[in-house]
Amino acid sequence: MRPLVVALVALAAALSQADASGYGGAVVRLPTPAAGGAPVYSPRNGLALTIDARWFDSGGYRPVAVEIEAQAASSSDRVVELELKFPKPNQRGGDIGLTVRQSLLLKAGATSVSGVVRVPGLNEWIAVWWDARVNGSADQSLSLDPQRAVVLAQGGQPVALRLLRIDADVGLPMADARKGQTKVVSSYRGTMIDDAYSPAPADWLDYTSADVVVVDAPVLEGLKESHPERLAALRSWIVAGGTLWIEGVEETPERLSQIDEALRLRRWRFAERRPEDSDAEPPAAAAPPATDAQGNAPDDQPLRGRELGEPIDGAAGWYYPAIARRSRNAREEAERLAERAREEGVLAAVGEALSQRSTTRGWYAQRDAGFGVVAAFAGAPLDAPGAAPGDAVRSVMRQWADRGWSARHGVAPGERSPSFGNLLVEGVGVAPVGAFQVLITLFVLAIGPLNYWLLWRRQQLHLLVLTTPAAAAAVTLALVGYASVADGFGVKARVRSVTLIDQATGEAASWSRVSHFVATTPDAPARMPADTAVIPIRPAWESAIAAEDAQRVMAWSAGSETPGGGWQALSSGWLPARTATQHLLVRSRISPARIDFAEGAGGWRATNRLGAPVSLLLVLGDDGQWRHATDLAEGERVALEPLERLDAVGLLRTQTVANTPTYPIGAGKSVEETLEMLGASRDIRRTQQEMSTYSLSDNLLNAQIAALVGLDGGRALDLPPRSYVAVAPEAVETPLGWPGVEEVGSFHVVAGRW
């Protein structure tokens, strides 16, 4: 196989003929149309294949649109199998890093079929080629060899925000609607913006590579009326952590409430946004505070909501986010505040500092929705009010960038995570040093003094040349066997997850960090549901002590093209035997998991329907009273006992702190620190260059735990009435790949509303 670099250079002519937009990637039709654009079909099967690989160069899933056309209808079904191949990054040759397989069924009598092949963003892919089979037989005229691979990566300056604008042509197939659309990469107040267009996808995974989805109000209404399934996909992405910007929305309580109705987001508010460090009930809503010409609140205004923003009266859950204003000369500002503190006291200085904050009133309003957020703009999102100071606008841009793909996931595509080692499966994958020391000590004593003494008594010292190597071989085999038995023969997992559930609709969104150890590879590959985004987490020490990533193979099952149907089979390279692996799983679906509550003469009762035992259950009723129960088996019904809110916070914090990810001795952080000291090695230098600047401890999973427990500085258990928090030692909404996986040291948090 030729070097990939040569292949990509040779592709320049082919790309100039493709219907390329500003997206990374291109549209390719095979067989290549004749001169004048006349369609050409495969001489073997009478089929033509069009693949549109244009999309963001980012993480998440890349939706590759596929369309198959027949020259004439057939009396029998035809199955077209596609095998998309992507090279490893930074490779001189055409080594394959990922293979994605999917089949499309062209039914009898039909002349066309379209679908989407979703490609996980393990890296920023630089090229793609594919093989095509029709009814099991290869068709070279529909295949693309590596020498003509489609270039995907664009390069250039790093982009801070990728905006996916939903086009008005929501009813067109994705491949058709992408044609003629453009993408613009521009700088807005120093922030690089990637601006692209697409029809509304029908599956929420197709949104996962975007940082922000932008839609104007009329298109949103059109989705609600004509394409509710596409609106449901958008909504699933929002509650799973996405950011939606809506253009052309009046900042009135009535209009904001209409957005809640269209997206059905009212019950996806899991925080009351009360004042920090306050146990009191929130005061009645008051009129918005007056502001000066620069949008600053007067010093005598109360501090309530100023850190989070300004609540909007009449639109529950909506608020104007706070903007941190910075002085042009930070040193002079600090000296001035210090002088005021000496003259008038610390409180006066703090009050003045807080008065430098403003909100986005007049620009946009925002609300939380599960793991995600929705922002409503009176005009275009990037059109800040003319009176807004530059530093305030830059502050808002930083807030948006903090919800970009890598920031919200805590890992960047192709980079290595420095946090990999703090969630390893305990007791496996590491040599049993203590047991080995005991066995080796006994071996030395037996092979030396004891062996010599026994042979000396029998006058057979000449047998030392036989007994010594035989005993050494036996002990070596015993050590290997002991290590194998100690690790077991099944699959073990350690999971840290958060699940949000709206029991009124059955919808659930979950984030899970899963650490696997596969002692012996099962007969079948791991199966992950088609509604789950699977994101690999790479260890920082990988390139120094292990081979580069093996080729990963993913196969989509039949039915996976239907939202919520089928699965993605992860075979070679994803979960190798006797190797610590980790993945971030993001899932959004209709779930049967719930806890049923009933109030009777004997008080409140709860029935566990989460599908896992619950170690702690905290419940907030309509009356504002907290109740709890412990150690609920699956299906068990128990009475809830009342307790004070602070006691509930204490119980939750105790379990959370006890399950904080830590680095085991001899693994994880100590290995990374050792590698850092070996910086002269070329592999080590490459490892350091590929080290991610993002941390898993700051992603949305851990941010949600911190918010519930109050570890982020806010108010713990700041939930609306009819809410609960449950802690479980076994998976609730986390798929583990195989049935019967043993969980070790897992920590699952469920926050629900009924």
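**Reasoning through a predicted model**

Mentor: Start with one pair. Asp596 has Thr607 of strand 29 as its bridge partner. Bear in mind that this is a predicted model.

Trainee: What makes strand 28 and strand 29 a pair?

Mentor: Pairing requires at least two bridges. Strand 28 and strand 29 (residues 603-609) are joined by 7 and run antiparallel. The requirement is met, so they count as paired.

Trainee: Which order do the strands of that open sheet follow?

Mentor: The order is 28-29-32, and the pairing is antiparallel.

Trainee: Why are strand 28 and strand 32 said to stand at the edges?

Mentor: Strand 28 (594-600) and strand 32 (637-639) each have a single partner strand, so one side of each lacks a neighbour in the sheet. From one strand to the next, the twist averages 25 degrees.

Trainee: What is the order in the open sheet of 4 strands?

Mentor: That one reads 1-2-3-6, again with antiparallel pairing. Strand 1 (27-30) and strand 6 (112-120) stand at its edges, because each has a single partner strand. Neighbouring strands are turned by 15 degrees against each other on average, direction ignored.

Trainee: How do you know that strand 1 pairs with strand 2?

Mentor: Count the bridges. There are 4 between strand 1 and strand 2 (residues 47-52), in the antiparallel sense. At least two are needed, so the pair qualifies. Leu30 of the first sits opposite Leu49 in strand 2.

Trainee: What makes the peptide bond from Leu30 to Pro31 stand out?

Mentor: That bond is cis, with omega near -10 degrees. Most peptide bonds are trans. Pro31 lies in the loop between strand 1 and strand 2.

Trainee: Why is Leu717 called buried?

Mentor: Its relative accessible area is 1%. Buried means under 20%, so Leu717 is buried. Its phi is positive, near 50 degrees, though Leu717 is not a glycine. Leu717 is placed in the loop between helix 17 and strand 34 (723-728).

Trainee: And why is Arg578 called partly exposed?

Mentor: Arg578 has a relative accessible area of 35%. Partly exposed lies between the 20% and 50% cut-offs, so the term fits Arg578. Arg578 also has a positive phi, about 55 degrees. Its loop runs between strand 26 (567-570) and strand 27 (581-590).

Trainee: How do you know that the span of helix 9 agrees with its residue count?

Mentor: Helix 9 (residues 390-401) has 12 residues, which should span 16 Å at 1.5 Å a residue. Its end C-alpha atoms are 16 Å apart, so the two agree. Buried residues of helix 9 include Val393, Met397 and Trp400.

Trainee: What describes the packing of helix 14 and helix 17?

Mentor: The axes of helix 14 (residues 645-658) and helix 17 (residues 700-709) come within 10 Å and cross at roughly 150 degrees. Leu652, Arg653 and Thr656 of helix 14 meet Ile705, Leu708 and Val709 of helix 17. By class, that contact has 4 nonpolar, 1 polar and 1 charged residues.

Trainee: Which residues touch the most other members of the largest nonpolar core?

Mentor: Trp130, Ile246 and Leu263, in a core of 127 residues. Helix 5 (residues 228-239) gives the largest share, 6 residues. A second, separate core has 22 residues, among them Phe597 and Val750.

Trainee: What does Trp130 touch?

Mentor: Leaving out residues up to four places away in sequence, its contacts include Leu30, Leu49, Leu84 and Val150.

Technical notes. Residues are numbered from 1 along each chain as its sequence is written. This is a predicted model: local features need pLDDT of at least 70, side-chain atom pairs count only at pLDDT 80 or more; totals for chains, interfaces and linings use all residues. Side-chain values use heavy atoms; hydrogens and water are left out. Helices (H or I, at least four residues) and strands (E, at least two) are DSSP runs, numbered from the N terminus. Axes are lines fitted to C-alpha atoms, for helices over the stretch in contact, and angles run from 0 to 180 degrees between N-to-C directions. The expected span of a helix is 1.5 Å times one less than its number of residues. Buried means under 20% relative accessible area, exposed over 50%, partly exposed in between (1.4 Å probe, protein chains only). Contact means heavy atoms within 4.5 Å. Ala, Val, Leu, Ile, Met, Phe, Trp, Tyr, Cys and Pro count as nonpolar, Asp, Glu, Lys and Arg as charged, and the others, Gly among them, as polar. A nonpolar core is a set of buried Ala, Val, Leu, Ile, Met, Phe, Trp, Tyr and Cys residues joined through side-chain atoms within 4.5 Å.
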